[in-house]
Amino acid sequence: MFHSKLFLGFALALLIAGCGGGTGFQPTITGVKHETLQYGKSATIFLGGKDLRSNMVVETNGACINPSFASSSTTDMLVLNCTVKLVGDFTLTIKNEAGVVVNTTPLTVDKPQVRILTSLGNFVLELDPAAAPITVNNFLSYVNNGFYQNTLFHRVISGSFIQGGGYTAGLVKKDGLKDPIVLESNNGLSNLRGTVAMARTKNPDSATSEFFINLADNIYLNYSTADSPGYAVFGKVIQGMEEVVNVIASKPTAVSNVLKDMPVPLEDITITSALQIK
């Protein structure tokens, strides 16, 4: 009788321990899969195994911050959520509550990519947050809140660059600008053909939403000195340079008094949307 009661008590303890408590067995992770793993966004990572607990420790060396286990987690499947802050390879390390490593899994975060849909076709930008984190985060914040929808490529200089992201039809300045950002031009990236950089005023730390794509190797736009700080490159065109960007650059322009004698396309070239696709 004593042994049967002891067994029932032990079984009951196992049932009520739940995902957050101890069962007396060491947790085991047998598989790791991720649903989403995009720079700047919330990641969902599934950890499968046995005797898993939501009080286990997650380490990513800063690649995916603020980790937490979803309430839907069980002892057989932990659902891990965190926010991706770095690109490249990193190791996901899971430890038990005593600090003993249970599992290590190598994961990779690709550089973020943004598809720009325009009235003349689509092109894709690949961004470089390792070289220009402030600039990339600023650009993605505009992308992900839909700011670029229905903005124009309002400045086109054939053989030099195309510029957009700040005006709507009629050359009306778009509302909703965020605070200007610190210039990151001295980051090792050069204003070569196909790269994307932030536009700004004479004040180095004045970039907001406007960006430009270089049509040539415009090295005169690079950082030179503190008195000649240049323009911050933060990515490049990886699809659609010839088919779309060059077509935009070929459109006829006229000088605009509204934009201080800038060459403006005679026909509106509209960004219909900008979407982070990776």
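**Figure 1. Strand β2 pairs with strand β5 in the predicted model.** Strand β2 covers residues 42-50 and strand β5 covers residues 77-84. The two run antiparallel. Seven bridges join them. One residue pair can be picked out by name: Leu 47 has Leu 78 of β5 as its bridge partner. In a regular strand, side chains alternate between the two faces of the sheet.

**Figure 2. Strand β5 also pairs with strand β4.** Strand β4 spans residues 64-69. Four bridges link β4 to β5, and the pair is antiparallel. Cys 64 has its bridge partner in β5, namely Val 84. Strand β5 is thus shown with two partners: β2 and β4.

**Figure 3. Asp 128 sits in the loop between β9 and α2.** Strand β9 comprises residues 121-127, and helix α2 comprises residues 133-144. Is Asp 128 buried or exposed? Its relative accessible area is 14%. The cut-off for buried is under 20%, so Asp 128 counts as buried. Leaving aside residues up to four places away in sequence, Asp 128 touches Lys 111, Val 136, Leu 189, Phe 234 and Gly 235.

**Figure 4. Asn 187 lies in the loop between β13 and β14.** The flanking strands are β13 (172-173) and β14 (195-198). Asn 187 counts as buried because its relative accessibility is 18%. Which residues does Asn 187 touch, not counting those up to four places away in sequence? They are Ala 131, Ala 132 and Val 233. A further residue serves as a distance marker: the C-alpha atom of Asn 222 is 9.8 Å from that of Asn 187. Along the chain, these two asparagines are 35 residues apart.

**Figure 5. The whole chain gives the setting for the close-ups.** The chain holds three helices and 19 strands. Its C-alpha trace spans about 95 × 35 × 30 Å along the principal axes. The radius of gyration is 26 Å, whereas a compact globule of 278 residues would have a value near 19 Å. Among the 278 residues, 45% count as buried. Of the contacts with a separation of 6 or more, 64% are between residues 24 or more positions apart.

**Figure 6. Surface and charge of the chain.** The accessible surface comes to about 13,900 Å². Carbon and sulfur atoms account for 54% of that area. There are 20 positive and 21 negative side chains. The centres of the two sets lie 4 Å apart.

Terms used. Residues numbered from 1 in each chain as written. Predicted model: local features only at pLDDT ≥ 70, side-chain atom pairs only at ≥ 80, totals over all residues. Heavy atoms only, no water. Rg over C-alpha atoms; globule rule 2.2 N^0.38 Å. Buried < 20%, exposed > 50% of the residue type's maximum accessible area, 1.4 Å probe, protein only. Contact = heavy atoms within 4.5 Å. Areas by Shrake-Rupley, 256 points an atom, 1.4 Å probe, with all protein chains shown as cover. Lys, Arg positive; Asp, Glu negative; His and termini not counted. Charge placed at Lys NZ, Arg CZ, Asp CG, Glu CD. Pairing = 2+ DSSP bridges.
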